[in-house]
Amino acid sequence: LVMPKLSGMQLFDSAQNQGYGVRFLFTSGYADADLSKAGPEGQDVPFLRKPWTVAELLRTVRDVIDRPLRGRPDRS
């Protein structure tokens, strides 16, 4: 969620607004107070809070892959 120059949510919003069909999985080790400005609160975006286990990561990645893709379909 927190990256230099552009937040993860800004990247997500930009991809969605431009119609790109990209899957997102957010994860962060920042405290809840730090995420209040950058987090996916109220968004239908998969979010995995650290610390996570390998089993949680695998289950969440599988869920993200199985979700219907939003945006325009991949043109490759």
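Mentor: Before we start, one definition: helices are DSSP runs of H or I with at least four residues, strands are runs of E with at least two, and both are numbered from the N terminus. Also keep in mind that this is a predicted model.

Trainee: Okay, which residue just after α1 takes a positive phi?

Mentor: Helix α1 covers residues 8–17, so by the DSSP runs we look past that stretch. Just after α1, a positive phi of about 85° turns up, and the residue that takes it is Gly19.

Trainee: How do the elements of the protein chain run from the N terminus on?

Mentor: Start with the inventory: the protein chain has three helices and two strands. Reading from the N terminus on, the order is α-β-α-β-α.

Trainee: Which residues are buried in α1?

Mentor: The cut-off to use is under 20% relative accessible area. Phe12, for example, has 4%, so Phe12 is buried. The buried set in α1 is Gly8, Met9, Phe12 and Ala15.

Trainee: And how wide an arc do they cover around the axis?

Mentor: Picture Gly8, Met9, Phe12 and Ala15, the buried residues of α1. They sit on the same side of the helix, because the arc they cover around the axis is only 130°.

Trainee: What's included in the cover over the buried residues of α1?

Mentor: We have just placed Gly8, Met9, Phe12 and Ala15 among the buried residues of α1. Part of what covers them is a strand, residues 26–28. That strand is β1.

Trainee: Which residues make up the largest nonpolar core?

Mentor: There are six residues in this core. Helix α1 gives the largest share, three residues. The full list is Met9, Phe12, Ala15, Phe24, Phe26 and Val45.

Trainee: Are the planes of Phe12 and Phe24 stacked or edge-to-face?

Mentor: A pair of aromatic rings is described by the distance of the centres and the angle of the planes. There are three aromatic pairs in the count. For Phe12 and Phe24, the centres are 5.1 Å apart and the planes stand at 85°, so the pair is edge-to-face.

Trainee: How many residues apart are Phe12 and Phe24?

Mentor: This pair links distant parts of the chain, with Phe12 in helix α1 and Phe24 in the loop between α1 and β1. Both ends are buried: Phe12 has a relative accessible area of 4%, and Phe24 has 14%. In sequence, their separation is twelve residues.

Trainee: What kind of aromatic pair do Phe24 and Phe26 form?

Mentor: Phe26 is buried at 5% relative accessible area, and Phe12, Phe24 and Phe26 form one aromatic cluster. For Phe24 and Phe26, the centres lie 5.8 Å apart and the planes are at 20°. Planes under 30 degrees apart count as stacked, so this pair is stacked.

Trainee: Which residue forms a salt bridge with Asp66?

Mentor: The count comes to one salt bridge. Its closest N and O atoms are 3.0 Å apart, and its two residues are four apart in helix α3, about one helical turn. Asp66 is exposed at 52%, while its partner is partly exposed at 44%, and that partner is Arg62.

Trainee: Is Thr60 buried or exposed?

Mentor: Thr60 lies in helix α3, residues 54–66. Leaving out residues up to four places away in sequence, Thr60 touches Leu25 and Leu48. Its relative accessible area is 16%, so Thr60 counts as buried.

Trainee: How far apart in space are Arg49 and Ser28, C-alpha to C-alpha?

Mentor: Arg49 is in strand β2, residues 47–49, and is partly exposed at 37%. In sequence, Arg49 and Ser28 are 21 residues apart. In space, C-alpha to C-alpha, the separation is 5.6 Å.

Trainee: Which residue is joined to Lys50 by a cis peptide bond?

Mentor: Omega for this bond is about 0°. The partner lies in the loop between β2 and α3. It is Pro51.

Trainee: Last one: which residue has a positive phi of about 75° although it is not a glycine?

Mentor: Look in the segment before α1. The residue there counts as exposed, because its relative accessibility is 90%. It is Lys5.

Notes
Residues are numbered from 1 along each chain as its sequence is written. This is a predicted model: local features need pLDDT of at least 70, side-chain atom pairs count only at pLDDT 80 or more; totals for chains, interfaces and linings use all residues. Side-chain values use heavy atoms; hydrogens and water are left out. Buried means under 20% relative accessible area, exposed over 50%, partly exposed in between (1.4 Å probe, protein chains only). Contact means heavy atoms within 4.5 Å. Rings of Phe, Tyr and Trp (its six-membered ring) pair if their centres lie within 6.5 Å; planes under 30 degrees apart count as stacked, over 60 as edge-to-face and the rest as tilted. A salt bridge is a side-chain nitrogen of Lys or Arg within 4 Å of a carboxyl oxygen of Asp or Glu. The arc is that of the directions from the helix axis to the C-beta atoms. A nonpolar core is a set of buried Ala, Val, Leu, Ile, Met, Phe, Trp, Tyr and Cys residues joined through side-chain atoms within 4.5 Å.
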